[in-house]
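Colleague: Thanks for sending this one over. Can we go through it together, one question at a time?

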Amino acid sequence: MSGPARGWWLRSVSGSESSRSAGRPPIPDDEQGGLSALGRKTIDSLRAGVVVLDPDDVPVLVNPAARAMGLLRTGAAPGSIAAHPLIRTLAGQVRRTGVRREIELDLPRGRDSAGDNPLGVHLRAMGLGAGYVSIEAADVTESHRLARVRRDFVANVSHELKTPIGALQLLAEALVDATEPAGEGAAELSEDVIAARRFAERIQHESTRLGRLVQELLELTRLQGAEPQPAPEPVAVDWVIAEVIDRTRTGAAARRVEIAVDGQRGLTVYGSDSQLATALANLVENAINYSGEDTTVRVTARATDEHIEIAVADQGIGIAPNEVDRIFERFYRADQARSRATGGTGLGLAIVKHIANNHGGRVDVSSTLGGGSTFTLRLPASPPDDLEATLNSAGIEAGPAELRQA
């Protein structure tokens with residue numbers, strides 16, 4: 001709740017005290033009643049649900065839209081009402097931190113149909129002063145439904161493509177083996193056989209690239225909510241970096257790129273170790289692919305007051321200023337020619353972005369055209385808060401926008 005509605009609520013709560021503090025005479029009671037009635041009609045007419053909780057989490061203002069969304073529960077006392085546990089958790093966080101909170105999720109409709117046609121809601125909680133918190137709920141069910149349809153379509157098509165792509169790879173490999181010259185007969189190979197071998201090698205290369213594209217599409221679909229996120233666990237940053245160095249060692253050696261590691265040791269983040277390793281591996285692989293020979297890719301870890309930062313810096317071609325804001329888009333590639341040469345799919349950085357978001361962090365980039373780039377993965381230094389615990393215990397799934405703090 002914001003703007004005039006919020007002002008009306010503050011005046012009706014604080015009454016004449018706010019007028020005295022401003023140096024003006026108190027508002028007469030009859031005028032307050034008229035303003036309160038007008039404000040109440042305005043709130044009741046909104047399509048968005050509005051709930052205002054007092055310092056004890058008791059609902060003191062509820063409009064019909066909030067009731068229709070199921071944001072209320074039966075209270076402990078006969079005839080009383082209480083806010084949904086998620087609403088109370090959001091309000092508690094706003095009081096503790098003083099920061100507005102936003103979350104988008106799928107809320108089960110009723111007790112007996114938790115998985116059928118969930119209600120998509122975007123919740124925004126903000127403090128009104130004196131311990132009062134306003135929660136605004138917008139119905140985003142249709143956008144969530146469309147997002148699920150999109151994800152399911154991509155996942156189903158990708159799964160169906162895996163089988164024929166695998167068959168293509170096997171057939172191409174068999175053709176390459178069948179046309180391989182053996183011993184002294186190599187010089188007697190006909191032009192047709194040489195051409196067939198060349199075509200088979202090309203088919204093998206492109207089918208491998210297509211297989212990687214399908215695999216990354218499936219990974220991106222999972223990260224966007226097609227499958228529940230694993231429960232967050234402590235993850236040693238040293239292990240993540242060591243795992244990534246092991247994965248990328250062969251590619252770095254082939255391009256004569258050195259991978260250097262420095263910064264703080266013994267740091268811990270919270271989330272999925274496999275996802276974090278995938279995100280960092282994508283950043284290091286990109287740095288290797290876009291670097292020249294005899295250069296260095298440097299991986300640095302450090303802790304700040306609120307975040308653990310893992311930076312990957314290269315000495316490569318850099319990114320143009322007009323492309324920096326687009327490189328995390330799916331299928332966008334700053335250097336098309338280089339991506340074709342390295343077999344890039346254009347999905348690696350999109351996967352990194354979603355992994356960072358799912359862990360409550362973000363990924364940033366600073367780059368100079370011709371002077372290299374630095375990608376920094378920023379992850380929370382503290383365990384997940386009690387809001388995620390409430391979601392898990394209630395069986396509530398985060399929506400397409402994922403959990404975020406504004």
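Colleague: How far apart are the closest N and O atoms in the salt bridge of Arg256 with Asp294?

Modeller: Bear in mind that this is a predicted model, in which local features need pLDDT of at least 70, side-chain atom pairs count only at pLDDT 80 or more, and totals for chains, interfaces and linings use all residues. Residues are numbered from 1 along each chain as its sequence is written, and side-chain values use heavy atoms, with hydrogens and water left out. A salt bridge here is a side-chain nitrogen of Lys or Arg within 4 Å of a carboxyl oxygen of Asp or Glu. Arg256 and Asp294 make one, and the closest N and O atoms sit at 2.7 Å.

Colleague: How many residues apart in sequence are the parts that this pair ties together?

Modeller: Arg256 is in the loop between helix 8 and strand 9, whereas Asp294 is in the loop between helix 9 and strand 11, so the pair bridges parts separated in sequence by 38 residues. Helices (H or I, at least four residues) and strands (E, at least two) are DSSP runs, numbered from the N terminus. So the separation you asked for is 38 residues.

Colleague: Which other residue forms a salt bridge with Arg256?

Modeller: Look at the loop between helix 9 and strand 11, 37 residues away from Arg256. The partner there is exposed, at 52% relative accessible area, while Arg256 is partly exposed at 47%; buried means under 20%, exposed over 50% and partly exposed in between (1.4 Å probe, protein chains only). The closest N and O atoms are 3.3 Å apart, and the partner is Glu293.

Colleague: What is the phi of Asp294, which is not a glycine?

Modeller: Most residues other than glycine have a negative phi. Asp294 is exposed, with a relative accessible area of 56%. Its phi is positive, at about 60°.

Colleague: And where is Ala130, whose phi is also a positive value?

Modeller: Phi of Ala130 is near 60°. The residue counts as exposed, at 65% relative accessibility. Ala130 is found in the loop between strand 6 (119–129) and strand 7 (132–139).

Colleague: Is Glu309, which pairs with Arg378, buried or exposed?

Modeller: The closest N and O atoms of Glu309 and Arg378 are 2.9 Å apart. Glu309 lies in strand 12 and Arg378 in strand 14, so this salt bridge ties together parts 69 residues apart in sequence. Arg378 counts as buried at 19% relative accessibility. Glu309, at 10%, also counts as buried.

Colleague: Which residues are linked with Glu309 and Arg378 in a network of salt bridges?

Modeller: The search of the whole structure turns up 14 salt bridges. In the network with Glu309 and Arg378 are Arg302, Arg362 and Asp364.

Colleague: Which helix gives the largest share of the largest nonpolar core?

Modeller: A nonpolar core is a set of buried Ala, Val, Leu, Ile, Met, Phe, Trp, Tyr and Cys residues joined through side-chain atoms within 4.5 Å. The largest one has 44 residues, and Val237, Leu280, Val284, Val312 and Leu377 have the most contacts inside it. Several elements each supply at least two of its residues, among them helix 7 (191–226), helix 8 (237–254) and strand 14 (372–380). The largest share, nine residues, comes from helix 9.

Colleague: How many residues does the second, separate core have?

Modeller: That core includes Ala91, Leu107, Val133 and Ala137. Its size is 23 residues.

Colleague: How many bridges join strand 11 to strand 12?

Modeller: Strands pair if DSSP finds at least two bridges between them. Strand 11 and strand 12 form a hairpin with three residues between them, and Val299 has Val312 in strand 12 as its bridge partner. The two strands run antiparallel, and the number of bridges is six.

Colleague: In which sense do strand 9 and strand 11 pair?

Modeller: Gly263 stands opposite Ala301 in strand 11. Strand 9 and strand 11 pair over seven bridges, and the sense is parallel.
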